[in-house]
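Hi everyone, thanks for coming. Please bring up the sequence and the 3D view, and we'll take a short tour together.

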Amino acid sequence: YLKAYLGTDYIGEEAIESQVFKLKKIQDTLQKLNKDLLMIFAPGKGTFFPEYLPDYCSNQKRSKTNYAGYLSAMKSQKINYLDFNQWFLNMKSKSKYPLYGKAGIHWSKYGEYLAADSIIEVIGKMRKTAMTKLVLDKLEVKKTNEQGDYDIGEGMNLFFMMDTYPMAYPTFHYEKPKNKQKAPKVLVVSDSYFWGMFNAGISREVFDDGQFWFYNQEI
C-alpha cells in the first residue's frame with residue numbers, strides 16, 4: 001500500500017496503455033457475445049490514510065501511480081469501471097461509520113456492504129435487469145473488532161489485542177426481484193477484497209452461482 005501510494009511500483013505509461021488496449025479488445029469481444037466487463041478499483045489503506053504513513057514515506061516525493069495511469073487509460077479507452085478508491089476518499093470525512101479499521105488491511109465490513117450494494121446496482125443497470133438486493137436488517141456498532149476488521153492485527157502475532165476504535169457491522173438478507181427474472185451469472189476475478197462478499201453468499205445468491213477466481217490462480 002505504501003508503494004502504491006508513493007508510486008514506487010509504477011510500471012510505466014507504455015505498459016499500462018498496452019494492457020488497457022488488450023482489455024478494450026476483450027471488452028468489445030465480450031460485448032458481441034452479450035457479456036459485459038466491469039473493472040473495479042478497490043481502495044487502498046495507504047492512499048486512504050496518508051496522514052499515518054511513517055516519516056520516511058511522508059518525506060518522499062510522490063511520483064506517477066499505477067492507479068492514476070490505469071484510470072486515465074480506461075477513461076480514454078471507454079472501459080467500464082467502478083472507482084471505489086476515489087469514492088472512499090470522498091466519503092472519508094462524511095461517513096458515519098469507519099470505512100477502514102485501525103487493525104484491518106481490507107475495507108471495513110460496513111465499507112464492504114456499501115461496495116457490494118453499489119456493484120449489484122451497477123451490474124443491474126449494465127444488464128438492464130432487476131437484481132437481488134441486499135436489505136439491511138440492522139447495523140450494530142461494536143467496540144471489539146471482528147469479521148476481518150482485525151485481520152492485520154492478527155497477523156502481527158501480538159501477545160494482546162491492540163486498542164482500536166468501534167466498528168459498524170451490518171446484518172442483511174437477500175431479496176429476490178418480484179419478476180423472478182434469472183440473475184446474470186457473474187464471474188469475479190479478484191484479490192482478497194472479494195472474500196468477505198463471497199463468504200456472505202453474494203456469488204451464490206446474487207450472481208447465479210458465478211465463480212470467484214482468486215488472483216486468477218485458484219477457483
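I'll go through two helices, then the salt bridges, then a couple of buried residues and a surface patch. One thing to keep in mind from the start: this is a predicted model.

Let's begin with helix H5, which covers residues 66-77. How well does the span of H5 agree with what 1.5 Å a residue would give? With 12 residues, H5 should span 16 Å, and its end C-alpha atoms are indeed 16 Å apart. Now look at the side of H5 that is hidden. The buried residues there are Asn66, Tyr70, Leu71, Ala73 and Met74. And what do they pack against? Their partners are helix H2 (13-32), strand S1 (39-41) and strand S2 (81-83). Just past the end of H5 you'll find Lys78, with a positive phi near 60 degrees.

While H2 is on the screen, find Glu14, which sits in that helix. Glu14 is exposed, at 70% relative accessibility. From Glu14 to Lys3 is 11 residues in sequence, and 19 Å in space between the C-alpha atoms.

Next, helix H7. H7 runs over 109-127 and has 19 residues. From its first C-alpha to its last, H7 reaches 27 Å, close to the 27 Å expected at 1.5 Å a residue. Right after H7 comes Lys128, and here too phi is positive, about 55 degrees.

H7 also takes us to the salt bridges. As a general reminder, side chains of opposite charge can pair when their charged atoms come close. How many salt bridges does the structure hold? There are 11, and I'd like to show you a few.

The first on my tour is Glu112 with Lys109, where the closest N and O atoms are 2.6 Å apart. These two are 3 residues apart in helix H7, so about one helical turn separates them. Are they buried or exposed? Glu112 counts as buried at 10% relative accessibility, and Lys109 counts as buried too, at 15%. The cut-off for buried is under 20% relative accessible area.

Then there's Lys142 with Glu146, whose side chains meet at 2.7 Å, N to O. This pair is partly exposed: Lys142 has a relative accessible area of 21%, and Glu146 has 28%.

My third example is Lys185 with Asp208, with the closest N and O atoms 3.7 Å apart. Where are these two in the fold? Lys185 is in the loop between strand S4 (167-175) and strand S5 (188-190), while Asp208 is in the loop between helix H10 (202-205) and strand S6 (212-214), so this pair ties together parts that are 23 residues apart in sequence. Lys185 is exposed, with a relative accessible area of 57%, whereas Asp208 counts as partly exposed at 22%. There is a network to see as well: Lys176, Arg204 and Glu205 are joined through salt bridges that share partners.

Glu205 leads us nicely to a buried residue, because Glu205 is among the residues touched by Thr132. Thr132 is in the loop between H7 and S3, and at 3% relative accessibility it counts as buried. Setting aside residues up to four places away in sequence, Thr132 touches Ile120, Tyr174, Glu175, Lys176, Pro177, Glu205 and Val206.

Now follow the chain along to Asn145, in the loop between strand S3 (133-142) and H8. Asn145 is buried as well, with a relative accessible area of 6%. What does its side chain reach? There is a polar contact with the side chain of Thr164, at 3.0 Å, and the backbone oxygen of Tyr165 is reached at 3.1 Å. Leaving out residues up to four places away in sequence, the residues touching Asn145 include Tyr150, Met161 and Met167.

Last stop: the surface. Which residues make a nonpolar patch there of about 250 Å²? Ile152, Met156 and Leu158 do. Ile152 belongs to helix H8, residues 151-155, and is partly exposed, with a relative accessible area of 35%.

That's the tour, and I'm happy to go back to any part of it with you.

Technical notes:
Residues are numbered from 1 along each chain as its sequence is written. This is a predicted model: local features need pLDDT of at least 70, side-chain atom pairs count only at pLDDT 80 or more; totals for chains, interfaces and linings use all residues. Side-chain values use heavy atoms; hydrogens and water are left out. Patches are made of residues with over 30% relative accessible area and no salt bridge: like charges are joined within 9 Å, nonpolar side chains (Val, Leu, Ile, Met, Phe, Trp, Tyr) within 5 Å. Accessible areas come from the Shrake-Rupley method with a 1.4 Å probe; for residues, only the protein chains shown count as cover. A salt bridge is a side-chain nitrogen of Lys or Arg within 4 Å of a carboxyl oxygen of Asp or Glu. Helices (H or I, at least four residues) and strands (E, at least two) are DSSP runs, numbered from the N terminus. Buried means under 20% relative accessible area, exposed over 50%, partly exposed in between (1.4 Å probe, protein chains only). A polar contact is a pair of N or O atoms within 3.5 Å; within protein, one must be able to donate a hydrogen and the other to accept it, and residues adjacent in sequence count only if both atoms are side-chain atoms. Contact means heavy atoms within 4.5 Å. The expected span of a helix is 1.5 Å times one less than its number of residues.
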